[in-house]
Each structure stands twice: as C-alpha cells, then as structure tokens.
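Open the model in your viewer and show side chains as sticks. This tour goes from one charged pair to the next.

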Amino acid sequence: MGSISYENVTGGTPPLEVAIVGGGIVGVMTALGLHRRGIKATIYERASTWTEVSAGFAFTEAARGWMKQLNPDLIEILGRISQKTDANSSNSYWDGYNPRTREDAEDESKALLFRTPNNKLLFWGCVRSQFLKEMGALLPENSSVFGKQLVSYEDDEASSKVILHFEDGTTAKADVVLGCDGVHSNTRKSMLGPDHPASRPGYTHNVTYRTMVPIDVGVAAMGEKTAQGGCMHCGPDACLLTYPVMSGKMLNIAIFAYDAEEFPDSNRMTAQADRSEVEKIFRDWCPHAANVWKLYPEKMTKWGIYDMTDNPPPTYARGRVCIVGDAAHASTPFLGIGACTGVEDALVVCEVLKSVQARRETQKGEAAADALREALQTYSRARLGRGQWVPRNSGQIGRMYQWRDGRDPEGLKNKLAKAAQTIVSYDVLAPLAA
C-alpha cells in the first residue's frame, strides 16, 4: 500500500500518532483499523520481518462482524484464504483413549462422545502466517519498523509524549502506545512494574505440538471424520485437535499435553523437541492417537502455554499506554477464541482513539491529554471483564478435555454450549455506550 494523507481523513487536523509494540496478528489488525480512521500508527516489531507460526487458527462469525467494522479489507483477506464452516456441520468429540482397535475408534456408537452444532460459532479457519503476510501487505509505506525489541517506556508529561526505549539503544516517541506484544509483554511489565504479580504470565503446565499435513495423509492416519470438520480426541492428560485448513487441502493438527515439569525457559514460549515425546504421550491411546507421532517431523518446536488466569492485570491502561490482545489476557487455546478476543480489543481501542482524534481540533494542552488518558481507561473498563472470562473458562474446558478431574462428557458438552452462547451473544461495543 502507498502513503496516506492523514490530514485528508481528519479534515486538516494533525493525526494522533500511535506506537504499536508488536507486529503479530492483533498488532497489524489494530494498525489497519487505526489507519482507516485517520490515525497514524507505527508498528515496532522485534523480529526482522513478519513472523508467525504456520499453524491454523479461526474466527467466529461474531468476530468477523467486528473485524468488518475494524477494516473491511480484513474480511476480504480472510474470505479468500479460509476454510469456512458449513452451518449444517458439527464439531465432534471423541474418546481418544479407550478404543483398542481402529474400527472401534471410528465407530460412533463406541467412540463418539458427542457433537456440537456449528450454526452458532461458524468458524472460518486459516493459517496464521498466511493471514499475517496478507495483512502486512495492506499497511502504508514506512509504517512498520523491524528489529525493535521494547525494553521500557516513559510517559513524559513535559512533552506530552510516550518515549519508547528499545534494546538496540534507539528511542521513538508517540502520543499513545498500544502494547500488542503478546503473553510475555514488556509493555505490560513496564506499565505495572517488574514486581507486580501480573507482570509475568503463569505457566499452565501445558505444551503444544503443532503440524500440518496434506488432507489425504491426515485422513489415512486419523480417519475420514477429520476431513469433515473439527475433531477433538479426549483422554488422560492430553487432547488432540484436528481440522481442515487452506480450503480443505491441509489438515491442521494440534496436540495439547499436560506436563508436570516446568518449561525449560520461563522467558520463552518455545523449546526444541523430537517426535518421541509425542509417541510417549499417546503410547496407551487408541490407534489413531497412538500413531499420530508418525505425522510429525523428527525434530520440531513445542510451545509452552502461558496465560493470565492466576494473576490478571488490574487494569489494561495507565496514562497514555494500554495493552491489547494476549498482552492483556493471554489464554489457553481450548475455547478457540484467543484471536477473536484480540479482534474485540482492537475494535474497542480503535473506536475510543477515533473519538479522541475527532476532538483534537477543539481540545488542546492538558484537556487533550486528559481526554486521551480517559479514553484508554474507557477501553480498559470495557474489556476487563471479558478479558478475564476468556482465560478462566478456557482453562476449565481444557481440564475437561484432558480428563484432569475425571471423564465427564455430559458436563463438557454443557460447558461448551454455555460458553458458545456467551461468545456469540456478547456485544463488544455496548460498554462504550454505557
């Protein structure tokens, strides 16, 4: 995308200048929403280019509605690259442990726990790295700076600017800073203080092993059901999720396993692994799960899953700085709406900053600074409850998938139905009108 004349959008008023820390999915999405509203946003990303894992994720119908309000171009991209859920289809949940033969494991009367209809959530699934690359191509020229790892910031009253300090010794200034820098957020740490309980996420003692394989390979290994929609195989201390992506050409596979040990490096989300770990996890499971390790490369990366359940931030904003997405409310993936919640954050913060931008012509000095601070507090109040509900409920569902408190398919089905209703009925913008 070329350059933007912000004054044309804002009627000649100098635009707000926003620094976005983190160029992941939510950071880029937020930047595109701000640019559309005539607000200048610069992304500071620590990597040398756009970087995301080549793993699947998905957006609900509700999230796509908020995404369209954020920036319609996002829906165009997603519609073009996603695998779309059929409203008449369902997700299936299976006993992945007890069946002893392949035939029993594929026999619904013996292995199927239950199905949930897709007519509420209606997920569109895609590959994270592909979506990020497509979004990045829409950003204006010179709106992304790579190789910038945030160390700290100063909310400087004298200059009415926030000064960002990066690891390479450079600095940058902005009217407002949005921390979209993920679960191990340095923005959150700087905002709350390094000794605050919420400055660091909690390790959930879950690890993830991800891969993608051609759909025919996946079907040969896991059965025809995997090509028809999302499948969750449940069992003791682990669960195995599969669903088609890339217009049904590939099968996304994600293993979530409980691990009583600490993660190798608490400051990192990844560690090296080999597929013998996967083989060990599913050694006593049904044949599909017991052989899934063969679909993984010999050497791979595993992800430690961290969240904010135990020590949620008391606020998402202080001064002219706020935290967005996983930086605010990192969650386990068991609800499947982590990215959707980030879309909600992005829309709300874009709307409150739009209101600040609209008043810049009449508000000056301290009044303008107060308006900006209050806008970010409005964002925080609007998002705090939702941001605590998602990781809490996701963690509870994960325990049920992994039979951590016993096998309870009926309880799990009811929990999922209740959560789905909460997800789809939530009005993201309603708190702004209160």
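Select glutamate 108 first. Its relative accessible area is 41%, so it counts as partly exposed. Now add arginine 115. The two side chains form a salt bridge, with N to O at 2.5 Å. Arginine 115 is partly exposed too, at 33% relative accessibility. Keep in mind that this is a predicted model.

Next, select arginine 320. Is arginine 320 buried or exposed? Its relative accessibility is 2%, which is under the 20% cut-off, so arginine 320 counts as buried.

Add aspartate 155. Its closest contact with arginine 320 is a salt bridge, N and O lying 2.7 Å apart. Trace the backbone between them: aspartate 155 sits in strand S9 (residues 150-156), while arginine 320 is in the loop between strand S19 (317-318) and strand S20 (321-323). The pair is 165 residues apart and links distant parts of the chain. Aspartate 155 has a relative accessible area of 26% and is partly exposed.

Stay on arginine 320 and add glutamate 157. These side chains also meet in a salt bridge, at 3.9 Å from N to O. Glutamate 157 lies in the loop between S9 and strand S10 (161-166), 163 residues from arginine 320. At 48% relative accessible area, glutamate 157 is partly exposed.

Now widen the selection to Glu366, Asp370 and Arg373. Together with Asp155, Glu157 and Arg320, they are linked in a network of salt bridges.

Last stop: the whole model. How many salt bridges does the count come to? The count is 23 salt bridges.

Technical notes
Residues are numbered from 1 along each chain as its sequence is written. This is a predicted model: local features need pLDDT of at least 70, side-chain atom pairs count only at pLDDT 80 or more; totals for chains, interfaces and linings use all residues. Side-chain values use heavy atoms; hydrogens and water are left out. A salt bridge is a side-chain nitrogen of Lys or Arg within 4 Å of a carboxyl oxygen of Asp or Glu. Buried means under 20% relative accessible area, exposed over 50%, partly exposed in between (1.4 Å probe, protein chains only). Helices (H or I, at least four residues) and strands (E, at least two) are DSSP runs, numbered from the N terminus.
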